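Welcome! Let us walk through this structure together, one question at a time.

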Amino acid sequence: MMIKIAIAEDIPRIAETLKEKLELSSDFKVQLMAINGKDLVQQLQKNHNVDIVLMDINMPEMDGIEAAEKVVAR
């Protein structure tokens, strides 16, 4: 079973490294990547087909706490 993951991280190098490490396993696929919480919420409105969200807490525009509250409330 493939586990679909969303990553929300505002530092591109960290986001890309995390994606690379996760995708070393054939069990994981990074479905979407967001640069902040606002971007994550917008992308999930278009495609909510993810199993896990890995999210930074400290991001510009919308932090991880606020984004998590919005994702859970949907």
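Q: Which residues of α2 are buried?
A: This is a predicted model, in which local features need pLDDT of at least 70, side-chain atom pairs count only at pLDDT 80 or more, and totals for chains, interfaces and linings use all residues. Residues are numbered from 1 along each chain as its sequence is written, and side-chain values use heavy atoms, with hydrogens and water left out. Helices (H or I, at least four residues) and strands (E, at least two) are DSSP runs numbered from the N terminus, and buried means under 20% relative accessible area, exposed over 50% and partly exposed in between, with a 1.4 Å probe and protein chains only. By that rule, the buried residues of α2 are Gly37, Asp39, Leu40, Val41 and Leu44.

Q: What do the buried residues of α2 pack against?
A: Contact here means heavy atoms within 4.5 Å. The buried residues of α2 have partners in three strands and one helix: β1, β2, β3 and α3.

Q: What is the order of the strands in the open sheet?
A: Two strands pair if DSSP finds at least two bridges between them. β1 and β2 pair in the parallel sense over 6 bridges, and β1 (residues 3-8) also pairs with β3 in the parallel sense, over 4 bridges. The edge strands, each pairing on one side only, are β2 (28-34) and β3 (52-55). The order of this 3-stranded sheet is therefore β2-β1-β3.

Q: Which residue in β3 is the bridge partner of Ile7?
A: On the β2 side, Ala6 stands opposite Leu32. On the β3 side, the bridge partner of Ile7 is Leu54.

Q: How many of the 6 residues of β1 are buried?
A: Strand β1 is largely enclosed by the rest of the structure. That follows because the number of its residues that are buried is 5 of the 6.

Q: What angle does the direction of α2 make with that of β2?
A: Helix α2 (residues 37-46) packs on the sheet and touches β1, β2 and β3. Axes are lines fitted to C-alpha atoms, for helices over the stretch in contact, and angles run from 0 to 180 degrees between N-to-C directions. With respect to β2, the angle is about 120 degrees.

Q: Is Leu40 buried or exposed?
A: Leu40 lies in helix α2. Not counting residues up to four places away in sequence, Leu40 touches Ala6, Ala8, Leu32, Ala34, Val53, Met55 and Val71. The C-alpha atoms of Leu40 and Ile7 are 33 residues apart along the chain, yet separated by 8.1 Å. Because its relative accessibility is 0%, Leu40 counts as buried.

Q: At what angle do the axes of α2 and α3 cross?
A: Two packed helices are described by the angle between their axes and the distance between the axes. In the contact, Gly37, Leu40, Val41 and Leu44 of α2 meet Ala67, Lys70 and Val71 of α3. The axes of α2 and α3 (residues 64-73) come within 8 Å, and they cross at roughly 15 degrees.

Q: Why does Gln31 count as partly exposed?
A: Gln31 is found in strand β2. Leaving aside neighbours within four places in sequence, Gln31 is in contact with Lys4, Ile5, Asn47, Asn49 and Val50. Gln31 counts as partly exposed because its relative accessibility is 28%.

Q: Which backbone nitrogen does the side chain of Asn36 reach at 2.7 Å?
A: Asn36 lies in the loop between β2 and α2 and is buried, with a relative accessible area of 3%. A polar contact is a pair of N or O atoms within 3.5 Å; within protein, one must be able to donate a hydrogen and the other to accept it, and residues adjacent in sequence count only if both atoms are side-chain atoms. The side chain of Asn36 reaches the backbone nitrogen of Lys38 at 3.0 Å. At 2.7 Å, the backbone nitrogen reached is that of Asp39.

Q: What is the phi of Glu61?
A: Glu61 lies in the loop between β3 and α3, and at 64% relative accessibility it counts as exposed. Most residues other than glycine have a negative phi. Glu61 is not a glycine, although its phi is positive, at about 70 degrees.
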